[in-house]
Amino acid sequence: MADLIELEADDLAAMLCSRVCHDLINPVGAVNNGLQTLADPAQASMADFAREMVANAAQQAQAKLEYARLAFGASSMAGTEFDTRECERVGQILFAIEKADLEWTLPPMFL
């Protein structure tokens with residue numbers, strides 16, 4: 001069995017922030033690239049593709065932020081109940097952008 005790692009609060013916070021930043025850097029970069037393409041008159045033929053790229057990247061960023069908020073935010077504090085319907089909603093959003101399917105079988109309840 002692996003040894004437990006003890007983390008100070010600031011180390012844990014730094015790791016969580018690093019994780020969120022890592023998850024967001026690609027979709028935010030894609031939004032930036034798409035907007036630059038839309039702003040360049042020389043690339044007008046790429047406008048439809050750029051709009052689609054921006055929309056997809058924004059959806060990815062939103063899904064990852066909603067997951068991070070649920071997993072690491074106030075809802076994960078001790079004494080706070082999780083509504084499984086909210087967990088399913090966020091899971092469905094997150095899995096919609098991934099190459100996997102989510103079969104949710106947990107009934108609605110508070111955990």
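## Reading helices and salt bridges in a predicted model

User: In which helix do R51 and D48 both lie, and how many residues apart are they?

Analyst: R51 and D48 both belong to helix 2, which covers residues 47-72, and they stand three residues apart, about one turn of the helix. The model is a predicted one. As a general idea, an α-helix has 3.6 residues a turn, so residues three or four places apart point the same way. In the present case, the side chains of R51 and D48 meet in a salt bridge, at 3.9 Å from N to O.

User: How exposed are R51 and D48?

Analyst: R51 is partly exposed, at a relative accessible area of 47%. D48 is exposed, because its value of 62% lies over the 50% cut-off.

User: How many salt bridges does a search of the whole structure find?

Analyst: The general principle is that side chains of opposite charge can pair when their charged atoms come close. Here the search finds six salt bridges. One of them joins R85 and D83, with 3.0 Å between N and O; R85 is partly exposed, with a relative accessible area of 48%.

User: With which residue does E66 form a salt bridge, and which parts does the pair tie together?

Analyst: The partner of E66 is R89, and their closest N and O atoms are 2.5 Å apart. E66 lies in helix 2 and R89 in helix 3 (residues 84-96), so the pair ties together parts that are 23 residues apart in sequence. E66 is buried, with a relative accessible area of 11%, whereas R89 is partly exposed at 35%. A network of salt bridges links E66, R69, E86 and R89.

User: How does the span of helix 1 agree with its 31 residues?

Analyst: One multiplies the rise per residue along the helix and compares the result with the end-to-end distance. At 1.5 Å a residue, helix 1 should span 45 Å, and its end C-alpha atoms are 43 Å apart, which agrees.

User: Where does helix 1 bend, and which proline follows?

Analyst: Helix 1 bends by about 35 degrees at I25, and the proline P27 follows within four residues. P27 is also among the buried residues of this helix, with D23, L24, A30, G34 and T37. R19, which lies in helix 1 as well, counts as partly exposed at 47% relative accessibility. The C-alpha atoms of R19 and I97 are separated by 18 Å, with their positions 78 residues apart along the chain.

User: Which residues form the nonpolar patch on the surface?

Analyst: The patch consists of I5, L7, L12 and M15, which together have about 420 Å² of accessible area. M15 places part of this patch in helix 1, residues 9-39.

User: How many disulfides does the structure hold?

Analyst: In general, a disulfide is a covalent bond between the sulfur atoms of two cysteines. The structure holds zero disulfides. For C21, the nearest cysteine sulfur is that of C17, 6.5 Å away. C21 is therefore in no disulfide, because that distance is not within the 2.5 Å cut-off.

User: Are C21 and C87 buried or exposed?

Analyst: C21 is exposed, with a relative accessible area of 52%. C87 is buried, because its value of 17% is under the 20% cut-off.

Note on methods
Residues are numbered from 1 along each chain as its sequence is written. This is a predicted model: local features need pLDDT of at least 70, side-chain atom pairs count only at pLDDT 80 or more; totals for chains, interfaces and linings use all residues. Side-chain values use heavy atoms; hydrogens and water are left out. Buried means under 20% relative accessible area, exposed over 50%, partly exposed in between (1.4 Å probe, protein chains only). Patches are made of residues with over 30% relative accessible area and no salt bridge: like charges are joined within 9 Å, nonpolar side chains (Val, Leu, Ile, Met, Phe, Trp, Tyr) within 5 Å. Accessible areas come from the Shrake-Rupley method with a 1.4 Å probe; for residues, only the protein chains shown count as cover. A salt bridge is a side-chain nitrogen of Lys or Arg within 4 Å of a carboxyl oxygen of Asp or Glu. Helices (H or I, at least four residues) and strands (E, at least two) are DSSP runs, numbered from the N terminus. The expected span of a helix is 1.5 Å times one less than its number of residues. The bend at a residue is the angle between axes fitted to the seven residues ending there and the seven starting there.
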